[in-house]
Every structure is written in C-alpha cells, then in structure tokens.
Amino acid sequence: MLTYFKLAWRNIWRNRRRTLITVSAIVFAVIAAVFMQSMNRGSHEMMLDNMVRFSTGYVQLQDYRYDDESSLDNSFYYDSSVRDRVLDADPNIDMILPRIETFMLAANGAATRGSILLGIDPEKEHRFNELENRLSKGRFIERDDAAVMLGEGLAERLQLTVGDTLVLIGRGRFGMSASGLYEIAGIVEFPIRDLNNQVVLLPLPEAQYLLSADDYITSLLIAPRSDRHTGSVAQSLNEAFADEELVAYTWAELLPELLELFEFDLAVPRLLTVVLYIVIGFGFFGTILTMTLERLREFGVLLSVGMKRGKLALVVFLETLFISIIGVLTGVVASWLIIYYFHRNPVELTGDAAQAVVDMGWDPILPMSFAADQFYTQGFFVFAIAMIVFLFPLLKIVKLNILEAARS
Amino acid sequence: MALVRTENLSKVYNPDTVPVHALRDVSVTIEPGEFTSIVGPSGSGKTTLLNMIGGLDKPSSGKVFINGTDITGMKDSKLIDFRLRNIGFVFQHYNLIPVFTARENISFIMLLQNRDKKEMLSRADELLDKVGLGDRKDARPKEMSGGQQQRVAVARALASEPKFILADEPTANLDSSSAMNLLDIMSRMNKEQNVTFVFSTHDQRVIDRARRVITMVDGAVDSDERRENGNDNEKE
C-alpha cells in the first residue's frame, strides 16, 4: 500500500506547476466560500445577538398564557425560592434576569408616544448585555432609583433629554391604574431600532410598584453558560416546572420570524455559493481532465504489464485525494487566519452604507462570523466536489482500451 | 507443450464499414527458449500478432494458447493477472514509471504479484546487475539514457519471472551502440537462462541475432525461417 501512496504522491509533483495551480484554485475556492458565508452569518449573528441580549434572552421562562396574550395579567410570581429552583434546574444556567414588560403611553407635554416599559435589574442587565456601554447621555440607573432611561429615538420624538420629566400612563396588573412622573436619568442607544424608538427602562422594584405588580414579573431571561446549551436548559426548565403554569421557550421559538428572515436572506448567498462551487468544480475538472488524457498511454502500459484497473484507480484516487487535502487544509487554515483577523478587526463602514446601518440600529461595521462549522462544512463541500470530479478518471480507467491508450 | 500457439488467428478492424484485415489465418507455435523475430513491412500485422499473443487485443477469430491455456475468451481482470504472471513486456518507448527509480520500477512489478519486500528488493538489485546497471539503482528514468532505460525495461519484464518476453521494436529508439548492448544482454539471458524472447522489429541487428525469423506480409505468415547460429553473433 505504501508504494501506491508513494507513486501517487510523486505523480502529483511530476508537473509541479499544474499541481500548485490546482491547489491554489482549491485554496481560493475554500477562502471565497468561507468568506462569503462568514460575512452573511456575521450580520445574522450580530442581529441575533442583539435580539437575544436586548429582547428575548436565550431562554425565557413565562406564564404559559403570556405568549398568546402579553398582558400583565399573565405575569407570574417571582421570589427567591423561584429563583433558586430555576438556578437548580440546570447546571448550565449562568445568569437569570427578571423583567416586567408592558405597553404604556409616554408623554411630554402635548407629545405622546406608545412605549414599552421594561422593568429591569440594571446591574444584571449590564452584565448580560453591557447596557451601560450603550448610554449616550446621563447616568445609568440603579436598582433603588425612581428614575428612567429612555431609548434615544423615543427621547428625540418626545423632545426629552436628561434631567427632564417623563409622564407614564397606562394600566397596571388586573386593571389597576398606573401613572407616574419620572426623572430621565439617561438616554440609551439600543442596537435594535424598535427598542430604540419605544423603550423606557425603569428599575424593577419601581416598575412593579408602578404597575401594582409587587413580586410579579412577565418574563425571566435565562442565559446559559454557552449558547449550545440553550435547548437543554429550556428542556430542564420545562421538566422542573412541568406541574406549574410556567413554560420555557428558546429564542428560536420566540423569534420564528427572525429565523425565517435569515433563511430568506441566505437564499441569494446560497445561490452564489452554488455558482462558486460549479466554477470550482469545472476548474478542477479541467485539470483532472488534462492530467488524465495526458496519461492515458501510461495507464495503458501499467495495465499491459499487469496492474489491475482497481489498483490504477486507487493510485489516481490517491492523487486526487492528496491534491484535495492539501488544497482544502491550506484553504481552511488561510481562511481561518483571514476570518480571525476580520472577526477581531471588523471593516468599518463609512458614508451612506454606514448611515443606513446606523439607521437600522446596528453598529456601522461588517461583522464576520467565526463559527467553526463554516470552516469544515465549506472544506467538506470543496472536498466532495474534488471527489465527484475524480469520477471522470475512474470512468476512463474502467473503460480504458489498452491498445488505444498505448497508441495515444 | 508449445509455449505459445496461435490457431487460425484473424483480426479484422472496422468489419462493418471499411474492413481492414490485420491478420489472416495465422497459426504459429513458439517453443520455450526461442529467440524469435517477427518481421515485415509496416502494416504487415506483426505488432497485431504480438498484441494477440500478449493478450492485449482480441482476435476476430481463432485462438491463442499460452502454455496450453486459451486466453482468447478470458475476462479482462483475469487476463491482466495472467499477463502479470506469464508475460513480460518491453516497449519501444521504454514506458518506465517516471517517478520511480530503476530499482522501484523493477520492484513494482513484483509488488503487483504481492511478493515479499525483501525478495523484491534483492531480485531488483540482481536484475539491475545483470543488465549492467548495478550502479544506477536510484536513478530515475529522466536521469538515464535511452539505452539504460530500455535495459531497466528488460529487467522489469524479467522481474515477474514470466514464461516469455514480448518486445515490440525494442531497439527502434536506441543508437547503434545501445541497441547492440541491449541485444547482447537479451541474447545472453536467452542462452544462459533459457529466457524466451519474441520480438516485433524492423531492425536488421535484431533480425541478425534471431534464431527464428517469422516474416509477415499483408497479415499472413509469408515465411518462417529457423537459423542455427542466430544470437551467436554476440560481441564478446
């Protein structure tokens, strides 16, 4: 067997330039495929990360009726014993964030806007989503404050700024009237446009007091130690609270429309990737075709002297394998380095493109995904293409007429 | 028992369009130890006959027996194995594996026979010594002259210990001195080890050495001449 490996290895270096060109083509194909996917996934990951961190959490525990009717009447009792049971449900739970959320009218004089009131634990929120870093004006609220932070968009619409007073009017738990005046402690720039234009953040105890919902929350956000534990944590919680009226949802269950959007958004890049694969396939096929046709005479001689077709096919297969492996591995390493660089140092957008992205509430950068699977899946696809291309010399060898080959 | 026997061998190319009769009813017998040249003008059928005997081509009619075994109806995979164990080939263009050294080229044939590695290497060395290339074991084909490559090809043909060797125009690409040297080696092997050689050739030097000359004309055997002192012309 070693001799066949040796023969195949030496054969690929018979025409060093051609081999290097083929390997380079594979390397660039892998880099291009990974880069394209990384760019698409990077923006999706950023969107998803923002949504998860600022909106749903990776897992969310709710009253089972809350998903259908997001009302304070469907909030649930939350105290230290519930907290302890949640934390004990799964060892992979890293952090929990209680929130109370309802719709209220936010007003300044004659100006009124619909808003989302979020009662939060400021310190925990910051640990989860670095909220304090998003503060554009003023100070960050503390747990005992009776002050609010506003989304930048909402503040602009109501023409309010730090130090002004915000009027909140709405309905508390079980129809109780809820209204209050709050000093604006800070303005927050959210990375999600809807939140930026609607959110009013109030410390949880104050929000519960305002809404006549002491010790009640509408959702408990749960952060697993790693996002790969999302499903198992949700399952553990559902098992732990199976006999109660609480249910745990993953972000994917809470944001199905976002997943659909991603799928839709990936259609064009996928088509481009297929085109790229076809180009790669034909490029590789061209090389293998030339290599095969050039060596028909040699194949004929080897069969004449007693080499079985299977063994000959094995040698040619090994040649294809070596070229593919060298190309794919080099491509994966090169793309890993390139993507790593751009992941750590994302390209900063400028001009209209940057403004468009900022208007959507995102940072003006071109985020790159560094997910491990994109390296090996793209590498695998390119490798699979190489193996499909190998079918041509295989077929040639199987059907080779020794005399015709010897005359070629 | 004859080593090679053909019975009424015929080969027609393009039978349905423009038939070309490459062989017409050829019946020849080759005994062990012969040093035979098949000669004739281009298109006379000598290479076709050699291909039939080597199992590289199928006749339109007739049979080929090697050591009593009819190879005309043999399946491709069986025939490849049969060739490996019974027939050695020497080609006009040497056809060595370019990426292998002389020693590896010879060992490779034995590898195909699944022989022991030690045995392969010692036999390869022995054969290289016999063809006078003991000092060129690690040279690759491109580092050798045409004559040296053809000597390696002869050693390779002998490596599998075949019943006979078919050599298609073995001296056609060699200069005079290399050709004579190669012929010396082959005739010595024939005399000393009783190796059977069958040549297809135009080369008068090969014809002069042959102890039997089969002349082909228009696909048929025109004459079959046996000589007493063929390869005794060796320069020694």
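Begin by selecting the two domains of chain A and the place where they meet: 6 residues of domain 1 are in contact with 5 residues of domain 2 of chain A, contact being counted when the C-beta atoms of two residues, placed from the backbone, lie within 7 Å. On the domain 1 side of this meeting place there are 3 nonpolar, 2 polar and 1 charged residues, where Ala, Val, Leu, Ile, Met, Phe, Trp, Tyr, Cys and Pro count as nonpolar, Asp, Glu, Lys and Arg as charged, and the others, Gly among them, as polar. This is a predicted model, in which local features need pLDDT of at least 70 and side-chain atom pairs count only at pLDDT 80 or more, while totals for chains, interfaces and linings use all residues. Residues are numbered from 1 along each chain as its sequence is written, and chains are lettered from A and ligands numbered from 1 in the order in which they are written.

To colour the domains, use 2-51 + 258-407 for domain 1 and 65-244 for domain 2 of chain A; such bounds come from an automatic or database domain assignment. The centres of the two domains, taken over C-alpha atoms, are 48 Å apart.

Now show chain A as a whole, with its 16 helices and 14 strands, which are DSSP runs numbered from the N terminus (helices H or I, at least four residues; strands E, at least two). Its radius of gyration is 30 Å, well over the 22 Å that the globule rule gives for 408 residues, so chain A is more spread out than a compact globule; the radius is taken over C-alpha atoms, and the rule is 2.2 Å times the number of residues to the power 0.38. Along the principal axes, the C-alpha atoms of chain A fill a box of roughly 95 × 55 × 30 Å.

Next, add chain B, of which 18 residues are in contact with 14 residues of chain A. On the chain B side, α2 (76-86) and α3 (102-112) of chain B are the elements that give two or more residues, and the residues of that side divide into 12 nonpolar, 4 polar and 2 charged.

Turn then to the interior. The largest nonpolar core has 112 residues, and those with the most contacts inside it are A:V30, A:V382, B:I106, B:V154, B:A155 and B:V198; a core is a set of buried Ala, Val, Leu, Ile, Met, Phe, Trp, Tyr and Cys residues joined through C-beta atoms within 7 Å. Buried here means that 20 or more other C-beta atoms, placed from the backbone, lie within 10 Å of a residue's own, exposed that 12 or fewer do, and partly exposed is in between. Centre the view on A:V382, whose contacts beyond four places in sequence are A:I26, A:A29, A:V30, A:A33, A:I280, A:V328 and A:G331. A second, separate core of 64 residues includes A:L118, A:L195, A:L202 and A:V233.

Select helix α3 (residues 80-89) of chain A, where the buried residues are A:V82, A:V86 and A:A89. They cover an arc of only 60° around the axis, which puts them on the same side of α3(A), the arc being that of the directions from the helix axis to the C-beta atoms. The face turned away from that buried side carries the exposed residues A:S80, A:S81, A:D84 and A:D88.

Finish at helix α11 (residues 296-304) of chain A, whose buried residues pack against α12 (309-344), α15 (391-399) and α16 (402-407) of chain A together with α2 and β7 (87-90) of chain B. After α11(A) comes A:G306, with a positive phi near 120°.
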